[in-house]
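Please work through the exercises below with the sequence and the 3D structure open beside you. Try each task on your own before you read its solution.

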Amino acid sequence: MYKEPDEFVNSTNEFREHYKAYLNGNNINGYVTQSFMQTLNLRKRRLDQNNIEMKINYDTFQKEAPEISVQNESAGRVFTVQSDIDIEKQYFRNGKEIGKNDDSVIEECVFIDSHQEDDTFICPKCGAKGKKSMFVGGCPYCGAKFKVDEFGTKVTGYQFRHNSKRDMKKIGKTCAKLA
């Protein structure tokens with residue numbers, strides 16, 4: 001059965017902790033789609049190649065509730081949770097801090113919920129519907145190969161975008177003081 005949209009706010013909070021653990025070397029395969037795991041591994045490999053360790057601290061105090069949008073796709077429902085947060089990223093090389101970035105950002109966490117009611121599942125590629133057991137060897141219709149544990153709720157994207165709305169408020173306050 002599908003999750004309710006508000007449940008994804010809690011799922012975003014949980015994913016933050018899993019992401020921090022991933023940056024410290026823990027496995028998060030069970031929480032993300034295979035394609036997003038490849039993206040995360042590429043990001044991590046780039047840091048590792050430069051012998052850089054990144055740590056993230058979140059200040060999730062929010063004046064406004066997160067925005068949640070829902071889209072129905074052939075592979076299931078896609079939930080996007082956008083939260084206005086402050087983050088601190090610290091970068092280390094050989095245990096020594098080499099950089100720090102404090103910023104106000106829009107955190108965007110995207111989930112896909114491919115599980116339908118009545119134990120019907122949907123192929124993440126072509127949208128074919130059937131029982132979970134039908135997909136054990138891949139999709140019988142399009143031939144897509146995936147892990148059966150991909151079904152259910154998974155994170156398909158996670159990013160930070162600059163919060164220009166908050167910046168405009170700061171600029172306005174600064175200009176008012178100067179006037």
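The exercises that follow concern a predicted model, and each task is followed by a solution in steps.

**Exercise 1. The overall layout**

Task: Determine how many helices and strands the protein has, and in which pattern they follow one another along the sequence.

Solution: Begin by counting the elements, which gives three helices and seven strands. Next, read them in sequence order, and the pattern α-α-β-β-β-β-β-β-β-α appears. Then turn to burial: of the 179 residues in the protein, 39% are buried. The exposed surface amounts to about 10,900 Å², and carbon and sulfur atoms supply 48% of it. Finally, consider the contacts between residues at least 6 apart in sequence, of which 63% join residues at least 24 apart.

**Exercise 2. A pair of rings**

Task: Classify the arrangement of the rings of Phe8 and Phe111, and find which elements the pair ties together.

Solution: A pair of aromatic rings is described by the distance of the centres and the angle of the planes. The structure holds seven aromatic pairs. For Phe8 and Phe111, the ring centres are 5.0 Å apart and the planes stand at 55 degrees, so this pair is tilted; the angle falls neither under 30 degrees, which would count as stacked, nor over 60, which would count as edge-to-face. As the next step, locate the two residues: because Phe8 belongs to helix α1 (residues 7-23) and Phe111 to strand β4 (residues 96-113), the pair ties together parts that are 103 residues apart in sequence. To complete the picture, check their accessibility, and you will find that both Phe8 and Phe111 are buried.

**Exercise 3. A cluster and charges over rings**

Task: Find which residues form one aromatic cluster with Tyr58, and which residue lies over the face of Tyr58.

Solution: The cluster consists of Phe15, Tyr19, Tyr58, Tyr158 and Phe160. Staying with Tyr58, look above its ring, where Arg16 lies over the face at 5.6 Å from the ring centre. A further case involves Lys55, which lies over the face of Phe92 at 5.4 Å from the ring centre.

**Exercise 4. Two polar residues in strands**

Task: Decide whether Lys154 and Gln90 are buried or exposed, and list the polar contacts of their side chains.

Solution: Take Lys154 to begin with, which is placed in strand β7 (residues 153-162). Its relative accessibility is 6%, and because buried means under 20%, Lys154 counts as buried. A polar atom of the Lys154 side chain lies 2.7 Å from the backbone oxygen of Gly30.

Now move to Gln90, which is found in strand β3 (residues 76-93). With a relative accessible area of 15%, Gln90 is buried as well. Its side chain makes a polar contact with the side chain of Asn57 at 3.5 Å, and another with the side chain of Glu97 at 3.2 Å. Not counting residues up to four places away in sequence, Gln90 touches several residues, including Glu53, Met54, Gly99 and Lys100. Lys55 is also one of the residues touched by Gln90, and although these two are 35 residues apart along the chain, their C-alpha atoms are separated by 5.2 Å.

**Exercise 5. Positive phi angles**

Task: Find where Asn51 and Asn94 are placed, and state whether each is buried, partly exposed or exposed.

Solution: Asn51 is found in the loop between α2 (34-49) and β1 (53-59), and its phi is near 55 degrees, a positive value in a residue other than glycine. The relative accessible area of Asn51 is 42%, so Asn51 is partly exposed. Asn94 sits in the loop between β3 and β4, with a phi that is likewise positive and near 55 degrees. At 66% relative accessibility, Asn94 counts as exposed.

**Exercise 6. The cysteines**

Task: Work out why Cys139 is in no disulfide.

Solution: A disulfide is a covalent bond between the sulfur atoms of two cysteines. The structure holds zero disulfides. For Cys139, the nearest cysteine sulfur is that of Cys142, at 3.8 Å; because a disulfide requires sulfur atoms within 2.5 Å, Cys139 is in none. As a last step, compare burial: Cys139 is buried, with a relative accessible area of 5%, and Cys109 counts as buried at 0% relative accessibility.

Conventions
Residues are numbered from 1 along each chain as its sequence is written. This is a predicted model: local features need pLDDT of at least 70, side-chain atom pairs count only at pLDDT 80 or more; totals for chains, interfaces and linings use all residues. Side-chain values use heavy atoms; hydrogens and water are left out. Rings of Phe, Tyr and Trp (its six-membered ring) pair if their centres lie within 6.5 Å; planes under 30 degrees apart count as stacked, over 60 as edge-to-face and the rest as tilted. Helices (H or I, at least four residues) and strands (E, at least two) are DSSP runs, numbered from the N terminus. Buried means under 20% relative accessible area, exposed over 50%, partly exposed in between (1.4 Å probe, protein chains only). A charge sits over a ring if NZ of Lys or CZ of Arg is within 6 Å of the ring centre and within 35 degrees of the ring normal. A polar contact is a pair of N or O atoms within 3.5 Å; within protein, one must be able to donate a hydrogen and the other to accept it, and residues adjacent in sequence count only if both atoms are side-chain atoms. Contact means heavy atoms within 4.5 Å. Accessible areas come from the Shrake-Rupley method with a 1.4 Å probe; for residues, only the protein chains shown count as cover.
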